[in-house]
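Student: I would like to go through a structure and ask why each label is applied.
Tutor: Then let us set each value against its definition.

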Amino acid sequence: MSGRVTPQEWMESLERLQRKFRSIQSRVRESKNQKQLYGAGENVKRRYKYKADVSRVEKKVSELDTMLSMMEDMPRRFEISAGELSRRRGLLTRLKNDVVEVSNILARGRERVDRNDFQFTPQVEESLETRHMSNEQLMQRQQHEELKQEQHLDDILRGVSTLKDIGYEINNELTFQGELLDGLEEGVDKTGQNISRNTHRVATISRESTSCWPMFIMIFLLFVIVFLLIW
């Protein structure tokens with residue numbers, strides 16, 4: 001991205017990248033649910049294609065991050081408020097977290113392929129439930145347990161991401177409230193200054209009016225004396 005990109009163009013780039021990544025994220029999860037992500041053969045090609053797509057998204061995210069940092073360093077030059085910068089930082093961080101989540105899913109897929117490529121057979125603890133199972137049944141049971149563990153990890157990652165999002169929303173709200181309080185404080189200060197200035201003017205006028213009364217009385221008496229003399 002060029003350093004001349006405006007805040008509006010930055011936001012449009014982020015929205016396009018979000019839409020592109022949502023599509024990748026949806027396809028990865030669909031492949032994972034349909035068991036088309038782990039293993040060998042076509043699944044390997046599919047997974048590496050997803051990794052290449054995610055890598056390109058990570059590069060674009062890095063470019064947006066660099067540009068946003070420039071805006072944060074020079075907000076006046078870009079004519080953007082602190083609250084809007086905080087909101088955009090939250091959106092970009094949320095996208096980063098989602099990219100990390102998908103990368104972790106693809107990384108776990110690679111570990112599973114490595115075990116299959118080396119024909120690694122996990123040792124299943126013997127119990128009354130597994131004692132009469134065949135090797136194939138034991139493998140299926142082990143794979144089922146691993147899938148459950150991965151689902152639990154995905155739930156934990158989503159929970160952490162949600163907590164981070166809540167934290168950023170709270171930070172954005174606090175920033176906005178702080179700006180409102182700053183504006184209110186400035187308004188109160190200006191109002192106090194206006195009241196003090198007007199009070200001083202009223203006191204000055206009052207003193208000037210009070211000092212002029214004797215002169216007004218003398219003029220009035222002089223006018224009366226002249227009128228009586230003429231009359």
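Student: Why is glutamate 79 called exposed?
Tutor: The label follows from relative accessible area: under 20% is buried, over 50% exposed, and in between partly exposed, using a 1.4 Å probe and protein chains only. Glutamate 79 has 73% relative accessibility, so it counts as exposed. The residue lies in the loop between helix 3 (75-78) and helix 4.

Student: What makes the phi of glutamate 79 worth noting?
Tutor: Its phi is positive, about 55 degrees, although glutamate 79 is not a glycine. Most residues other than glycine have a negative phi.

Student: What kind of model is this, and how are its residues numbered?
Tutor: It is a predicted model, in which local features need pLDDT of at least 70 and side-chain atom pairs count only at pLDDT 80 or more, while totals for chains, interfaces and linings use all residues. Residues are numbered from 1 along each chain as its sequence is written, and side-chain values use heavy atoms, with hydrogens and water left out.

Student: How many helices and strands does the chain have?
Tutor: There are five helices and zero strands, and the pattern along the sequence is α-α-α-α-α. Helices are DSSP runs of H or I with at least four residues, strands are runs of E with at least two, and numbering starts at the N terminus. Of the 231 residues in the chain, 26% are buried.

Student: Why are helix 1 and helix 2 called roughly antiparallel?
Tutor: The axes of helix 1 (residues 7-33) and helix 2 (residues 42-73) come within 10 Å and cross at roughly 155 degrees. Axes are lines fitted to C-alpha atoms, for helices over the stretch in contact, and angles run from 0 to 180 degrees between N-to-C directions. Angles under 35 degrees count as roughly parallel, over 145 as roughly antiparallel, 65 to 115 as roughly perpendicular and the rest as oblique. The crossing angle of roughly 155 degrees therefore makes helix 1 and helix 2 roughly antiparallel.

Student: Is serine 13 in helix 1 buried or exposed?
Tutor: Serine 13 is buried, because its relative accessible area is 19%, under the 20% limit. Its C-alpha atom is separated by 9.8 Å from that of valine 61, 48 residues apart along the chain.

Student: How do you know that aspartate 65 and arginine 89 form a salt bridge?
Tutor: A salt bridge needs a side-chain nitrogen of Lys or Arg within 4 Å of a carboxyl oxygen of Asp or Glu. The closest N and O atoms of aspartate 65 and arginine 89 are 2.6 Å apart, so the pair meets that definition. Aspartate 65 is in helix 2 and arginine 89 in helix 4 (residues 82-117), so distant parts of the chain, 24 residues apart, are linked.

Student: What makes aspartate 65 and lysine 96 a salt bridge?
Tutor: Their closest N and O atoms are 2.8 Å apart. Because aspartate 65 lies in helix 2 and lysine 96 in helix 4, the pair ties together parts that are 31 residues apart in sequence. Lysine 96 is partly exposed, with a relative accessible area of 30%.

Student: Which residues of helix 4 meet in a salt bridge one turn apart?
Tutor: Arginine 88 and glutamate 84 do, at 2.8 Å from N to O; they are four residues apart, about one turn of the helix. Arginine 88 is buried, because its relative accessible area is 6%. Salt bridges that share partners join Asp65, Glu72, Arg89 and Lys96 into one network, and the structure holds 10 salt bridges.

Student: Why does aspartate 98 count as buried?
Tutor: Aspartate 98, which lies in helix 4, has 10% relative accessibility and therefore counts as buried. The C-alpha atoms of aspartate 98 and arginine 22, 76 residues apart along the chain, are separated by 9.2 Å.
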